[in-house]
Amino acid sequence: MSLKSMIWNGLLVVALCLAVFLLYRIFQQYSLDQIVQSVRSIPLSTFCTALLFAAASYLCLSCFDLLAIRSLGKSLPYRNILLASFISLSLGHNIGFAGLSSGAFRYRFYSRWGLTAEDVAKIILFCGVTVGLGLITLGGIAMIVNPGDAGRLLRIDPASVRIFGLLALVVPAVYAGLAFFIRGTLRLWRWSFQLPRFSIAVAQVAVGTINFMLVSACLHQMLSAFGDVAFFRSVTAYVLANSAILATHVPGGLGVLEATVSYVVPKEASIGALIAFRCAYFFIPLALGTTLLVISEVVFRRTSRGANEEADERAEAQSV
């Protein structure tokens, strides 16, 4: 076994162990009775609807990778992209430092399908930009529609919040404008950035925003089971919480998510709502992603072993 294979196998074992540890950490602060009682208080139909929003979000996230690969002029079957994206992000969301952690898993898959390390690095950067565009766009909309909650947390008046919201919406507009007018490499001092085509830039803004709306809708379903909460209050809570999570890189946003959501919607942010949201968007995808990772590794190994054996047989036949 080569050194590279040993390193990757070691990282795989560490990742699997970390996934199990994270599952323990997510629930260790609650007793089993608390978890069961709080989650049971949420109607099954509400929980299933939230699961649908979570699944739609992960499908939307796979479009990040799809757009990135198309911007590189490459082509891969969507089922491959969906598999790599879901496994990478379901684990990366929980491990923390999602760009790096999910990037390692992306490289594991995409390198097998012909993409280089440079290609994967560009995909990670592209997806990071898409996340930023989506968060800024939805955050700007939330500050305009619901300035009160954001203003209370940021300690500024609603009028100022709306101004910040309008300024936030300038960012995706400028990005799309640059992609339309420059159509190539943007150079700023010593740095250069390869801008995507205008259609892809617009799609980035759209899918990035839709993704965060879907996650917010998942959270809103859980919060609405414990009170009458407006949708854009849930959006504001999640955008602010996710911004804090990205800043702190806490694995799974443990504690950060709960603290921010509880501040924005203190009455509805019960233990049941937050645990159920973690189950729907973090825990269940983490379990599925870990399972799919193990299965895919077994399949890839068998396929690779079979290909190597077939190559050896052909070599022996040619030598004879």
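This briefing covers the nonpolar cores, one helix pair and one buried proline of the structure above. The model is predicted, so local features need pLDDT of at least 70 and side-chain atom pairs count only at pLDDT 80 or more, while totals for chains, interfaces and linings use all residues. Residues are numbered from 1 along each chain as its sequence is written, and side-chain values use heavy atoms, with hydrogens and water left out.

**Nonpolar cores**
- The largest nonpolar core (buried Ala, Val, Leu, Ile, Met, Phe, Trp, Tyr and Cys residues joined through side-chain atoms within 4.5 Å) has 60 residues, and Y110, M222, V261, F277 and Y281 have the most contacts inside it.
- A second, separate core of 7 residues includes L133, Y175, L195 and V205.
- Leaving aside neighbours within four places in sequence, F277 is in contact (heavy atoms within 4.5 Å) with V215, C218, L219, M222, Y238, L257 and F282.

**Helices α3 and α6**
- The axes of α3 and α6 (lines fitted to C-alpha atoms over the stretch in contact, with angles from 0 to 180 degrees between N-to-C directions) come within 9 Å and cross at roughly 125°.
- On the α3 side the contact is made by F64, D65, L67, A68, I69 and S71, and on the α6 side by I123, F126, C127, T130 and V131.

**P285**
- P285 is found in helix α12 (helices are DSSP runs of H or I, at least four residues, numbered from the N terminus).
- With 4% relative accessibility, P285 counts as buried (under 20% relative accessible area, 1.4 Å probe, protein chains only).
- Not counting residues up to four places away in sequence, P285 touches Y58, F86, S90, C279 and A280.

Methods:
Buried < 20%, exposed > 50% of the residue type's maximum accessible area, 1.4 Å probe, protein only. Helix = DSSP H or I, 4+ residues; strand = E, 2+ residues; numbered from the N terminus.
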